[in-house]
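Please open the model in your viewer and keep the sequence panel beside it, since the tour below moves from one selection to the next.

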Amino acid sequence: MLAFVAKRTLAVIPVMVVVSVVVFLLLRLSPGDPALVIAGDNADAEALQRIRTALGLDQPLATQFIIWMGNTLSGDLGTSIFTNLPVTELILQRVEPTLSLALTTMLFAISVAVPLGTVAGATAGSWLDRTLMAVSVVGFSVPAFVLGYCMIYLFSLKFGWLPVQGFTSISEGVLPFLRSIALPTVTLGLAYMVLIARITRASVLEMMGEDFIRTARAKGVAERLVITHHALRNAAIPILTVIGIGVALLISGVVVIETVFNIPGIGRLVVDAILKRDYPVIQGVILLFSAVYVLINLAIDIGYALLDPRVRY
Amino acid sequence: MTLLSPQLAGDEPRSPIFDLISQAVRNPSVMIGGSIVAAIVIMALAAPLLGTVDPVRIDPGMRLKLPSDLAWFGTDLFGRDVYSRVVYGARSSLIVGLTVAVTAITFGVLIGLVAGYFRSMDIVVMRVMDGLMAIPTFLLAIALVSLTRASVGTVIVALTIPEIPRVVRLVRSVVLTVREEPYVEAAISIGTPTPLILVRHIMPSTIAPLLVLGSYICASAILVEAALSFLGTGLPPEIPSWGNMISEGRTFFQVAPRLVFLPSLFLALTVLGINLLGDGLRDTLDPRIAKRM
């Protein structure tokens with residue numbers, strides 16, 4: 001067990017090295033002078049020189065990378081060109097809305113998708129199954145920002161039930177927090193939910209044809225228990241995998257949804273940074289999001305080994 | 001021969017491609033998805049013939065007009081005809097979607113064939129692909145776009161790079177299974193040059209799964225392009241594209257929601273059509289593909 005955990009953890013290192021190299025090279029390999037890219041066309045020579053020194057662009061590429069990597073590993077993601085604040089500080093200021101949104105979305109999507117997918121898989125071909133599959137194709141095709149505007153139009157403008165935009169911290173009360181986060185959660189969660197529901201359905205359906213299901217039925221286990229204890233349990237691995245992979249969907253979604261609902265989170269931070277070409281911020285956020293993605297998937301892989309001894313070997 | 005039924009044995013041998021097509025057409029997903037896609041493609045090609053006016057002509061006297069006989073979908077903030085912009089917008093989306101799919105598959109097949117066939121390359125290439133896949137697609141695309149000035153070319157490159165690893169993984173997995181087949185061994189043993197083995201004996205097995213993956217890449221590229229344009233980092237604002245229209249319309253969302261909803265409707269319909277087509281193709285071409293994806 002320990003050997004498996006160690007092996008799987010070590011495998012993260014090459015992946016993160018490649019991620020860092022890509023993120024590092026993004027700016028350096030862009031056509032033209034990176035300093036000019038950052039400063040814009042109207043910058044004078046002095047400003048350009050200041051940016052070059054600040055980013056160490058006057059050093060050789062390999063030296064730049066080692067310095068940058070060293071700083072990153074010690075938790076220093078550089079300084080924002082636009083606000084002159086450390087990138088880590090900027091990110092920390094924005095963590096709360098993004099983390100709240102991500103957690104409510106995961107909770108919402110998983111708690112809806114797994115039961116729905118299980119029922120659909122166990123009753124494949126039924127009207128419920130067909131409706132779910134039809135809705136799921138639509139769910140994949142409607143862009144999150146379009147869905148967001150439909151939600152705002154319906155629930156905020158027409159019915160006036162929920163606030164149009166903005167974010168209320170949970171420290172200001174649970175109800176205002178839930179009201180402000182309800183629409184973004186459902187909007188962001190739909191594609192994720194559809195993805196999880198489809199995989200749940202497929203793997204439960206596959207399990208329903210297995211011998212141990214027939215055995216369970218033959219010995220008189222109630223159908224409800226056959227589905228939850230025998231089919232769903234054995235279908236857990238693909239479901240967990242897709243929950244992990246789907247985090248990439250959430251990360252991409254956060255960037256767009258925070259703009260639609262005007263939520264001051266990390267997604268909004270990176271969009272603003274891109275519009276202002278604030279490169280250290282862009283690099284910092286991409287590194288952070290990629291690391292979160294890789295670590296969540298690492299945790300899930302280790303989770304399998306705990307769940308299912310077959311994986312360890 | 002005794003296994004064949006008498007009628008079948010007498011028939012002309014039909015090509016397997018013909019079989020596949022006739023099978024695919026009978027699949028409801030392929031039918032519905034294909035019809036939607038065909039309609040959108042015709043709309044894009046025949047845009048000038050469909051009662052449209054110049055989609056970029058600005059008319060300050062006609063700002064934010066409601067739909068009428070003059071302008072079927074009304075006019076936008078600058079007095080441009082929304083109907084014409086929606087119809088011409090199909091061109092931008094389809095060009096981006098198709099180009100990204102074709103380019104990503106071309107590069108992905110080249111890299112995947114090499115990685116799958118030559119063991120020495122496999123480890124390095126796949127580690128790089130794992131790393132690229134660890135960066136969320138959308139973030140990588142916006143980072144790439146933000147480096148250079150917005151243009152159709154930049155957007156296409158930025159959308160293609162994050163998709164390549166998916167193609168490489170798929171091609172590699174096919175190559176790894178196929179290269180152990182007896183007919184590949186036979187080709188090696190009679191001294192067929194390696195490039196010929198790759199092209200003639202291994203590549204054909206990748207066509208069916210790539211067709212399916214290609215349709216998904218096309219749909220996702222259209223979505224991501226619209227999202228990029230929506231955030232203001234996509235296609236240049238003067239190009240009529242659905243993403244640009246939604247982005248411009250959102251400032252006036254409370255006054256004129258149709259400026260957001262009309263292009264959204266076409267965007268969602270197009271993506272839905274392509275996804276349905278992809279699902280249908282996946283089910284008819286090979287049920288096993290579904291598992292690999």
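Does A:Asn84 count as buried or exposed? Select A:Asn84 in this predicted model and look at the surroundings of its C-beta atom: A:Asn84 counts as exposed, because it has 8 C-beta neighbours inside 10 Å and the limit for an exposed residue is 12 or fewer. The residue sits in the loop between helix H5 (61–73) and H6 of chain A, and its phi is near 65°, a positive value in a residue other than glycine.

A second asparagine invites a similar inspection. Select A:Asn262, which lies in the loop between H13 and H14 of chain A, and read its phi, which is near 55° and is again a positive value in a residue other than glycine. A:Asn262 also counts as exposed, because it has 12 C-beta neighbours inside 10 Å and a residue with 12 or fewer is still placed in that class.

Next, select helix H6 of chain A, residues 87–122. This helix has 36 residues and reaches 49 Å from its first C-alpha to its last, which is close to the 52 Å expected at 1.5 Å a residue. While following the axis of H6(A), pause at A:Val95, where there is a kink of about 50°, shortly before the proline A:Pro97.

Now show the whole of chain A. It has 15 helices and zero strands, and its C-alpha atoms fill a box of roughly 80 × 55 × 35 Å when taken along the principal axes. Of the 313 residues in chain A, 40% are buried. Among the contacts in chain A between residues at least 6 apart in sequence, 72% join residues that are at least 24 apart.

With both chains displayed, turn to the place where they meet. The contact takes 36 residues from chain A and 36 residues from chain B. On the side of chain A that touches chain B, at least two residues each come from helix H2 (12–28), helix H7 (127–141), helix H8 (144–158), helix H13 (247–260), helix H14 (266–276) and helix H15 (279–307) of chain A. Coloured by residue class, this side of chain A divides into 30 nonpolar residues, five polar and one charged.

Move on to chain B and select helix H6 (residues 137–147) together with helix H7 (residues 152–178), which pack at an angle of about 145° with their axes 8 Å apart. The crossing of H6(B) and H7(B) is right-handed. To see the contact itself, show the side chains of B:Thr137, B:Leu140, B:Ala141, B:Leu144 and B:Val145 on H6(B), and those of B:Thr154, B:Val155, B:Val157, B:Ala158, B:Leu159, B:Ile161 and B:Pro162 on H7(B). The residues of this contact divide into 10 nonpolar, two polar and no charged. Keeping H6(B) selected, note that the helix is mostly covered, with 11 of its 11 residues buried; among them are B:Phe138, B:Ile142 and B:Ser146.

The last stop is B:Gly249, in helix H10 (residues 242–249) of chain B. B:Gly249 is buried, because 24 other C-beta atoms lie within 10 Å and the class begins at 20 or more. Finally, draw a distance from the C-alpha atom of B:Gly249 to that of B:Ala208: the two residues are 41 residues apart along the chain, and these atoms are separated by 40 Å.

Technical notes:
Residues are numbered from 1 along each chain as its sequence is written. Chains are lettered from A and ligands numbered from 1 in the order in which they are written. This is a predicted model: local features need pLDDT of at least 70, side-chain atom pairs count only at pLDDT 80 or more; totals for chains, interfaces and linings use all residues. Helices (H or I, at least four residues) and strands (E, at least two) are DSSP runs, numbered from the N terminus. Two residues are in contact if their C-beta atoms, placed from the backbone, lie within 7 Å. Ala, Val, Leu, Ile, Met, Phe, Trp, Tyr, Cys and Pro count as nonpolar, Asp, Glu, Lys and Arg as charged, and the others, Gly among them, as polar. The expected span of a helix is 1.5 Å times one less than its number of residues. The bend at a residue is the angle between axes fitted to the seven residues ending there and the seven starting there. Axes are lines fitted to C-alpha atoms, for helices over the stretch in contact, and angles run from 0 to 180 degrees between N-to-C directions. A crossing is left-handed if the near helix is turned anticlockwise from the far one by less than a right angle, and right-handed if clockwise.
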